[in-house]
Amino acid sequence: MPSPLILASASPIRAELLRRAAVAVEIRPARLDEEALRASLQAEGAGPRDLADTLAEHKARKVSQRAPQALVLGCDQILDLDGTVFSKPADRAAARAQLQRLRGHTHRLHAAAVLCRAGAPLWRHVGVAHLTMRNFSDAYLDAYLDRGWPAVGDSVGAYRLEDEGVRLFSRIDGSHFTVLGLPLLELLVHLGRIGEIEA
């Protein structure tokens, strides 16, 4: 029987998605200075897709080097609005400013997943979803943050689609799982192909 997949992420939604899909998972978050790494990559001209992919790989590699026999999954998600990359908001005021900036526009979410064993990447995928925010009122925005802060601060863009954040949108094109930060279908197909889960 295969060993549990190690998830190099503290994201509760990613772990829950894997468990609901009957994938045994062990949580071992990678300890990285993500902001410094992201800034370095952006200074080198990396685009949003490459940022997500490289950050996911760094997380998987770091944990994989400490557990070389295990299969380790690293994930990352990047929000891109017309070339501007958003990070998780530092505080409520930053969350409000982000949502005001996203309001009425379509942005892209890039969700990357990389599998490593013994510190070497074995598989990778980056899913992309396009999300259009409606022109919600400032009154609704403030009420939304009153109800959702600080939990929404844990998500890039300051929304959680699995909760009330869905009310911020008028249209979503792409996989729901990509929006939640994990290209789950592609991952499950690959895990079945290599015998890590029943296929």
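**Helices, strands and unusual backbone spots**

In this predicted model, the axes of helix α2 (residues 34-43) and helix α3 (residues 48-66) come within 11 Å of each other and cross at roughly 135°.

User: Which word describes how α2 lies to α3: parallel, perpendicular or oblique?

Analyst: Let's start with the angle, since two packed helices are described by the angle between their axes and the distance between the axes. Here the axes cross at roughly 135°. An angle has to be over 145 degrees to count as roughly antiparallel, and 65 to 115 counts as roughly perpendicular. The crossing of α2 and α3 therefore falls in the remaining class, oblique.

User: Is the crossing of α2 and α3 left-handed or right-handed?

Analyst: The two helices touch through residues you can find in the structure. Glu-34, Leu-37, Arg-38, Leu-41 and Gln-42 in α2 meet Leu-51, Thr-54, Leu-55, His-58 and Lys-59 in α3. Sorted by type, the residues of this contact are 4 nonpolar, 3 polar and 3 charged. As for handedness, α2 passes α3 in a crossing that is right-handed.

User: Which residue in β6 stands opposite Val-114?

Analyst: Strand β5 (residues 106-117) and strand β6 (residues 120-133) run antiparallel, joined by 12 bridges. Their hairpin has 2 residues between the strands, and Ala-118 there takes a positive phi near 55°. Across from Val-114, the residue in β6 is Arg-124.

User: Which residue in β7 stands opposite Thr-132?

Analyst: β6 also pairs with strand β7 (residues 169-173), and these two run antiparallel with 4 bridges. Look for Thr-132, and opposite it in β7 you will find Arg-171.

User: Where is Pro-150 found, and what is the omega of the cis peptide bond that joins Trp-149 and Pro-150?

Analyst: Most peptide bonds are trans, so a cis one is worth a look. Pro-150 is found in the loop between α5 (138-148) and β7. The cis bond joining Trp-149 and Pro-150 has an omega of about 15°.

User: Is Asp-82 buried or exposed?

Analyst: Asp-82 is not a glycine, yet it has a positive phi of about 50°. Its place is the loop between β3 (72-81) and β4 (84-86). The relative accessible area of Asp-82 is 64%. Since the cut-off for exposed is over 50%, Asp-82 counts as exposed.

User: And Ala-158, is it buried or exposed?

Analyst: Ala-158 is another non-glycine residue with a positive phi, here about 65°. You will find Ala-158 in the loop between α5 and β7. Buried means under 20% relative accessible area. Ala-158 has 0% relative accessibility, so it counts as buried.

Notes
Residues are numbered from 1 along each chain as its sequence is written. This is a predicted model: local features need pLDDT of at least 70, side-chain atom pairs count only at pLDDT 80 or more; totals for chains, interfaces and linings use all residues. Side-chain values use heavy atoms; hydrogens and water are left out. Axes are lines fitted to C-alpha atoms, for helices over the stretch in contact, and angles run from 0 to 180 degrees between N-to-C directions. Angles under 35 degrees count as roughly parallel, over 145 as roughly antiparallel, 65 to 115 as roughly perpendicular and the rest as oblique. A crossing is left-handed if the near helix is turned anticlockwise from the far one by less than a right angle, and right-handed if clockwise. Contact means heavy atoms within 4.5 Å. Ala, Val, Leu, Ile, Met, Phe, Trp, Tyr, Cys and Pro count as nonpolar, Asp, Glu, Lys and Arg as charged, and the others, Gly among them, as polar. Two strands pair if DSSP finds at least two bridges between them. Buried means under 20% relative accessible area, exposed over 50%, partly exposed in between (1.4 Å probe, protein chains only).
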